[in-house]
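Here is a short tour of one protein model, written to be read with the structure open beside you. We will go from a sheet to a ligand site and end with a single residue.

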Amino acid sequence: MKTLLTGYRAADIDRRLVADCGEVTCHVLDIYHRHAIEKTHHLKTVCSPHLPEGDWDAVRFRTGPKLTSGELALDILQECKRVAAGKPVVVDFVGRERDRNSLVEKVFGKNARERSFEARYTASVQGAAPIELVSLPGCFCHRRTDEGGLALAEVVVASCRSGVAPSGGGQTAPVRFLDMGCGNGLVGFLVAGALKHVELVMVDSHSRAVEAANINSRNLGIPAEVILADEGTPSRMDASFDIFAGNPPYYSEYRIAEVFCETAKRALKPGGHCFLVCKNADGLRPVVERYFSGVETIPRRGYAVLHCVRS
Ligand SMILES: C[S@@+](CC[C@H](N)C(=O)[O-])C[C@H]1O[C@@H](n2cnc3c(N)ncnc32)[C@H](O)[C@@H]1O
């Protein structure tokens, strides 16, 4: 018996579940969870934006309001139905029975219809044409522009235009720009669209963010190398970047912000500029100061952008 599990994290998997499932393949959206499952359980794990096709005897989906946003749950359950191809789909629902039934009804009920949850919206920085971005369920801030990301893009563009940071104009080489935790690419594409002469590299740990950023690169005609990684792929982060920008998630007591700072330090050339946006500068500042000196705080849109230069 071959079972596909999706929505399970390392802590949700135990011997009984594995024994019930026969030959298990785990599907995850975020590469961090792939590393955790492989390390803890040594199970075959696939990290991809969509469920892998296979000759599955059963598909099991762990979800619930606190685990998966509504649209992502519907989108993944539609995929479960498709890849199960008539074989059983088990929904391990963490939450109220009636919410589970409502979810299942929308995908398996008699009025069910396959829906697309892709969204499009525009974003802009001053002095540049608006850009249209695609986002997918699972992407950060699906369906709308994050004000923190927008604040970050605005500050980077203003710093480049005022000559504080390089802009890649005139006879100079293109600016090498690293957008870490790129999501669908909001920050990188706004900056590259406004400055024109930019070599864009983007990193995200979430496979749907990487998929959306690749779609946006093609749609906008802005070339970008988009990398799926949760540790900044060390060998690529080689002191060759002029600018690093990040809007890190602030759960886990700044542990991820710390990964962003470490990557910035490795990736930037001496004299390269690091920009990080946050709500609470007092919380992030001590973390950034472990890696960089001369950190300045630039307020914007109710957020703080911390700026520093690699020595
Ligand atoms: C707050 S969102 C910012 C998204 C986008 N830059 C914006 O401003 O709208 C943070 C992003 O970081 C990604 N992320 C989280 N941990 C990461 C890690 N260790 N390495 C790379 N990306 C990570 C998340 O998947 C998410 O897309």
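Two strands count as paired when DSSP finds at least two bridges between them. Keep in mind that this is a predicted model.

**The sheet**

By that definition, β9 and β10 pair in the parallel sense, over five bridges. One bridge to look for joins M202 to its partner V226 in β10. Both strands belong to an open sheet of seven strands with mixed pairing, in the order β10-β9-β8-β11-β12-β14-β13. At the edges are β10 and β13, each of which pairs on one side only. From one strand to the next, the twist averages 20 degrees.

A helix also meets this sheet: α8 lies across β8, β11 and β12, and it runs at about 155 degrees to β12.

**The ligand site**

The shell around the ligand has 21 residues, of which G149, G181, G183, H206 and N247 come nearest. The elements that give two or more residues to this shell are listed here.

| Element | Residues |
|---|---|
| α6 | 186–195 |
| β9 | 198–204 |
| α8 | 255–267 |

Sorted by class, the shell has 12 nonpolar, six polar and three charged residues.

**A look at Y8**

Y8 sits in the loop between β1 (2–6) and α1 (15–21). Is Y8 buried or exposed? Y8 is buried, because 23 other C-beta atoms lie within 10 Å, and the cut-off for buried is 20 or more. Leaving out residues up to four places away in sequence, Y8 touches I13, C26 and R62. From Y8 to T145 the separation is 137 residues in sequence and 29 Å in space, C-alpha to C-alpha.

Key
Residues numbered from 1 in each chain as written. Predicted model: local features only at pLDDT ≥ 70, side-chain atom pairs only at ≥ 80, totals over all residues. Near = placed C-beta within 6 Å. Helix = DSSP H or I, 4+ residues; strand = E, 2+ residues; numbered from the N terminus. Nonpolar A, V, L, I, M, F, W, Y, C, P; charged D, E, K, R; others polar. Axes fitted to C-alpha atoms, helices over the stretch in contact; angles between N-to-C directions. Contact = placed C-beta atoms within 7 Å. Buried ≥ 20, exposed ≤ 12 C-beta atoms within 10 Å, placed from the backbone.
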